[in-house]
Amino acid sequence: MKEKPEGVDEAEVISAVADGWAIGIGSVKYLPLGAGSYHWVMVDEAERSWFVTVDDLGSESAGGDVREGARTRLESAFRTALVLRRDAGLRFVVAPLPTRDGTMVHLVTPRQAVSVRPMVDGEAGLFGVHRAQDLPEVVELLADLHAATAVAAAGAPRTDLSLPGRSGLEEALDALDGPWPGGPHSEPARSLLLTHAGYVRELLASMDALVGRVRSTAAAWVVTHGEPHPGNLVRSRAGLRLIDWDTVQLAPPERDLWMVAAGSTDVLRSYTRRTGRTVSPDALALYDVAWKLKNIAAYVGAFRRPHRVTGDTRRSWQFLSRYLCDCGAALP
């Protein structure tokens with residue numbers, strides 16, 4: 001995220017790090033990167049560097065139950081990452097550190113939760129397609145992660161194959177005939193969705209059909225990261241490190257593989273040789289469709305809510321237009 005979070009300032013985040021982890025911070029630098037979370041590099045009084053993240057648990061209008069559910073999911077995901085590193089011995093897992101009271105996050109406000117990780121010294125990638133020379137190592141990493149399921153499955157969040165934000169997206173599709181008063185991007189978003197409503201409904205129908213076929217594979221599901229794209233991999237001197245474990249779930253292995261394979265049968269064959277698992281074309285297709293719909297739902301939902309013009313909302317508009325029509329539609 002390019003903009004700092006609203007409703008919380010750096011002094012509060014620093015105080016939360018001190019309260020939760022007993023780390024006294026000497027210097028702070030905001031990192032305008034990623035999507036969905038807010039990040040800082042903080043250096044303590046002993047000159048050790050920490051990667052500090054704030055996650056938004058939901059707006060005030062969402063209600064306390066929604067925010068508590070989001071906090072519980074973060075706790076479960078981050079604890080799974082800790083188990084993978086500590087108990088399964090997966091050194092590539094960059095897991096958050098527990099707080100002094102044993103939790104994985106510390107609340108700054110009822111809406112925002114802080115987590116802390118040691119800073120990884122290395123070069124981060126960018127969101128997109130993996131470089132060909134990195135693929136063998138990435139496949140090996142994912143095979144090792146999936147093989148650790150027996151150690152970490154008990155506490156891992158489990159997918160129900162539902163689409164996050166589906167109800168809001170369906171409400172938006174049913175509300176295309178009237179104005180959207182949320183903010184400056186609301187009407188352009190309504191117009192764009194109106195033009196491509198048929199395409200979105202086709203995606204929803206396709207996802208439903210694929211879910212029906214994939215659900216029967218539940219006995220073979222594994223612990224997955226969920227977003228092993230290059231932007232979540234850091235090349236360190238000790239090898240690749242996988243970051244951002246808030247998305248971890250017990251799910252079909254294709255949840256990780258579709259993003260890595262990018263149509264490469266060589267990658268899928270390599271994974272099968274390492275694991276003995278046959279890759280499901282239906283599950284690969286499911287996660288491709290689900291990724292598009294999840295992002296469309298998130299951006300449409302954001303534009304239907306009150307918002308203002310920022311660099312982040314302009315980037316969100318460009319992403320929405322690409323997911324809907326790959327056209328990079330200009331804002332009026």
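Two strands pair if DSSP finds at least two bridges between them. I keep that criterion at hand for the sheet, and I note that the model I am reading is predicted.

**Entry 1: the sheet**

I looked up Val 52 first and found it opposite Val 116 in strand 5. I then checked the pairing of strand 3 (residues 49-56) with strand 5 (residues 112-118), which is antiparallel and runs over seven bridges. The sheet around them is open, has five strands in the order 1-2-3-5-4, and pairs in the antiparallel sense.

Which strands stand at the edges? I found strand 1 (25-31) and strand 4 (106-107) there. Each has a single partner strand, so one side of each is left without a neighbour in the sheet.

**Entry 2: helices on the sheet**

I looked up which helices lie across these strands. Helix 1 (residues 10-21) lies across strand 1, strand 2 (37-44), strand 3, strand 4 and strand 5. Its direction is at about 65° to strand 5. Helix 2 (residues 64-86) lies across strand 3, strand 4 and strand 5, and I noted an angle of about 15° to strand 5.

**Entry 3: His 39**

I went to His 39, which is in strand 2. Is His 39 buried or exposed? His 39 has 4% relative accessibility and therefore counts as buried, the limit for buried being under 20%. Its side chain makes a polar contact with the side chain of Thr 53, at 2.9 Å. Leaving aside neighbours within four places in sequence, I listed the contacts of His 39 as Tyr 30, Leu 31, Leu 33, Phe 51, Val 52 and Thr 53. Val 52 is thus on my list twice, here as a contact of His 39 and earlier as the residue opposite Val 116.

**Entry 4: aromatic pairs**

I counted the aromatic pairs and got five. One of them is Phe 127 with Trp 291, a stacked pair with 6.2 Å centre to centre and 10° between the planes. This pair links distant parts of the chain, 164 residues apart. Phe 127 is in the loop between strand 6 (122-124) and helix 3 (135-147), and Trp 291 is in helix 10 (residues 281-304).

I compared the accessibility of the two partners. Phe 127 counts as exposed at 54%, whereas Trp 291 counts as buried at 12%.

Next I looked at Phe 303 and Trp 317. Their ring centres are 6.3 Å apart and their planes are at 55°, so I recorded the pair as tilted. Phe 303 lies in helix 10 and Trp 317 in helix 11 (residues 311-325), so the pair ties together parts that are 14 residues apart in sequence. Phe 303 is buried at 2% relative accessibility, and Trp 317 is buried at 2% as well.

I also asked which residues ring pairs link into a cluster with Phe 127. The cluster holds Phe 127, Trp 258 and Trp 291.

**Entry 5: charges over rings**

I searched for charged ends over ring faces. Arg 117 lies over the face of Phe 78, 5.1 Å from the ring centre. For Trp 180, I found the charged end of Arg 304 over the ring, 5.0 Å from its centre.

**Entry 6: Ser 186**

Ser 186 is in helix 6 (residues 186-195). Its relative accessible area is 0%, and I entered Ser 186 as buried. What does the side chain of Ser 186 reach? It reaches the backbone oxygen of Phe 303, at 2.4 Å. Beyond neighbours within four places in sequence, Ser 186 is in contact with Trp 180, Pro 181, Phe 303, Arg 304 and His 307. That list includes Trp 180 and Arg 304, the ring and the charge from the previous entry.

**Entry 7: positive phi**

Most residues other than glycine have a negative phi, so I looked up two exceptions.

Leu 161 has phi near 65°. Leu 161 is in the loop between helix 4 (149-152) and helix 5 (166-173), and counts as buried at 6% relative accessibility.

Asp 244 has phi near 60°. I placed Asp 244 in the loop between strand 9 (239-242) and strand 10 (249-251). At 23% relative accessibility, Asp 244 counts as partly exposed.

**Entry 8: Asp 312**

Last, I looked up Asp 312, which lies in helix 11 and is buried at 12% relative accessibility. Asp 312 and Val 114 are 198 residues apart in sequence, and their C-alpha atoms are 21 Å apart in space.

Key:
Residues numbered from 1 in each chain as written. Predicted model: local features only at pLDDT ≥ 70, side-chain atom pairs only at ≥ 80, totals over all residues. Heavy atoms only, no water. Phe/Tyr/Trp six-rings, centres within 6.5 Å; stacked < 30°, edge-to-face > 60°. Helix = DSSP H or I, 4+ residues; strand = E, 2+ residues; numbered from the N terminus. Buried < 20%, exposed > 50% of the residue type's maximum accessible area, 1.4 Å probe, protein only. Lys NZ or Arg CZ within 6 Å of the ring centre and 35° of its normal. Contact = heavy atoms within 4.5 Å. Axes fitted to C-alpha atoms, helices over the stretch in contact; angles between N-to-C directions. Polar contact = N/O pair within 3.5 Å; in protein donor to acceptor, adjacent residues only side chain to side chain.
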